[in-house]
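Good morning, colleagues. Please look at the sequence and the structure as they come up on the screen.

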Amino acid sequence: SDDTVSQEPPWSSARLQTMEMIWGEGFMIPGGERYARKLLAVLALSSKKSVLDLTAGIGGSARTIAHQHNLWMDAFEPIEALAIEGQRRSAAEGLSKRVPITTIDANSFELKARRYDAIYSRERLFTLANKEDIIDQCVRGLKDKGHILFTDLVETTPGSAVACEPAIRRFGEEHWFWTLDKYRKALESRNFSVYLANDLTQEYLDHIHTAWSRALVSLHEQRLSSRLQQLVVEECETWLARWQALNDGHLAFIRIHAHITEGD
């Protein structure tokens with residue numbers, strides 16, 4: 001399917017429309033609003049807290065929790081096209097100041113020191129090479145006792161993703177998988193105390209299955225253009241490969257939640 005993929009720009013409005021038909025408005029990943037709230041609930045957010053979404057996509061998770069907790073927050077996105085679209089949507093909901101979505105260079109950004117009570121990222125760090133630097137910036141940007149939460153796709157053992165990696169790649173993106181243990185060690189070596197380090201793979205598989213089951217019923221009822229049908233097929237191929245890799249134990253879906261302890 002590489003020929004067809006190359007004809008459609010990676011983050012075109014048609015492609016985003018396709019993803020949202022499957023994953024829900026504002027989302028490009030499984031679970032939608034309800035799962036975003038559930039995963040981020042451990043951060044114990046309130047309107048008094050300052051929060052950063054490190055990898056906001058088009059802003060589904062950020063706007064969900066901003067509404068829920070009456071937050072003013074920051075949302076960064078490394079892919080410019082997604083940041084622009086995310087900001088357009090925040091503005092359309094009257095949230096352009098409360099949930100601004102800004103483009104950042106993931107390889108060289110600097111957070112304001114001690115600005116945030118909580119920083120999170122959902123299922124994107126596996127596409128970024130410099131996780132060590134990103135965690136260092138989180139340390140800089142967090143207040144005392146600040147919280148960090150990552151959900152991500154990880155290898156179950158070092159090298160376990162090698163075989164399936166080409167199949168799960170999307171739009172030529174590169175992947176740098178860590179293991180859950182590597183995340184834990186990276187956080188603990190920086191004065192974080194790790195509360196949660198869960199493998200939530202089965203829950204994630206259920207969300208993928210539910211979304212596709214629902215989408216296939218509604219797609220059957222809609223008369224999609226051949227272009228959109230093709231994009232649905234491409235999205236399906238990517239997620240079928242990811243589902244297989246998760247189901248076979250080459251990859252896992254994890255949540256790791258930690259806070260900075262007193263010290264340095």
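The buried residues of helix H5 pack against two helices, H2 and H4 (60-69), and against two strands, E2 (73-77) and E3 (101-103). I should say at once that this is a predicted model. The buried set in H5 consists of Leu82, Ala83, Glu85, Gly86, Arg89 and Ser90. Helix H5 itself covers residues 80-92, which is 13 residues, and spans 18 Å from its first C-alpha to its last, close to the 18 Å expected at 1.5 Å a residue. After H5 comes Gly94, with a positive phi near 70°.

Let me turn to helix H2, one of the partners of H5. How is H2 placed against helix H9? Helix H2, residues 13-23, packs on helix H9, residues 201-221, at an angle of about 110°, and the two axes are 7 Å apart. The two helices are therefore roughly perpendicular. On the H2 side, the contact is made by Met21, Ile22 and Trp23. On the H9 side, it is made by His207, Ile208, Ala211, Trp212, Arg214, Ala215 and Leu219. By character, the residues of this contact are eight nonpolar, one polar and one charged.

Next, the sheet. Strands E2 and E3, which we met beside H5, belong to an open sheet of seven strands. The order is E3-E2-E1-E4-E5-E7-E6, and the pairing is mixed. At the edges are E3 and strand E6 (192-199), each pairing on one side only. Direction ignored, neighbouring strands are turned by 20° against each other on average.

Within this sheet, strand E1 (residues 51-53) pairs with E4 in the parallel sense, over three bridges. Leu52 stands opposite Ile119 in E4. Helix H6 lies across E4, strand E5 (142-155), E6 and strand E7 (251-260). Relative to E5, helix H6 runs at about 155°.

Finally, I would draw attention to one residue in the loop between strand E4 (116-122) and helix H6 (131-141), namely Arg124. Is Arg124 buried or exposed? Its relative accessible area is 14%, so Arg124 is buried, the cut-off being under 20%. Leaving aside residues up to four places away in sequence, Arg124 touches Thr55, Gly57, Glu77, Pro78, Ile79, Thr151 and Asp152. Among these neighbours, Glu77 lies in strand E2, and Thr151 and Asp152 lie in strand E5.

Thank you for your attention.

Definitions and conventions: Residues numbered from 1 in each chain as written. Predicted model: local features only at pLDDT ≥ 70, side-chain atom pairs only at ≥ 80, totals over all residues. Heavy atoms only, no water. Axes fitted to C-alpha atoms, helices over the stretch in contact; angles between N-to-C directions. Helix = DSSP H or I, 4+ residues; strand = E, 2+ residues; numbered from the N terminus. Parallel < 35°, antiparallel > 145°, perpendicular 65-115°, else oblique. Contact = heavy atoms within 4.5 Å. Nonpolar A, V, L, I, M, F, W, Y, C, P; charged D, E, K, R; others polar. Expected span 1.5 Å × (residues − 1). Buried < 20%, exposed > 50% of the residue type's maximum accessible area, 1.4 Å probe, protein only. Pairing = 2+ DSSP bridges.
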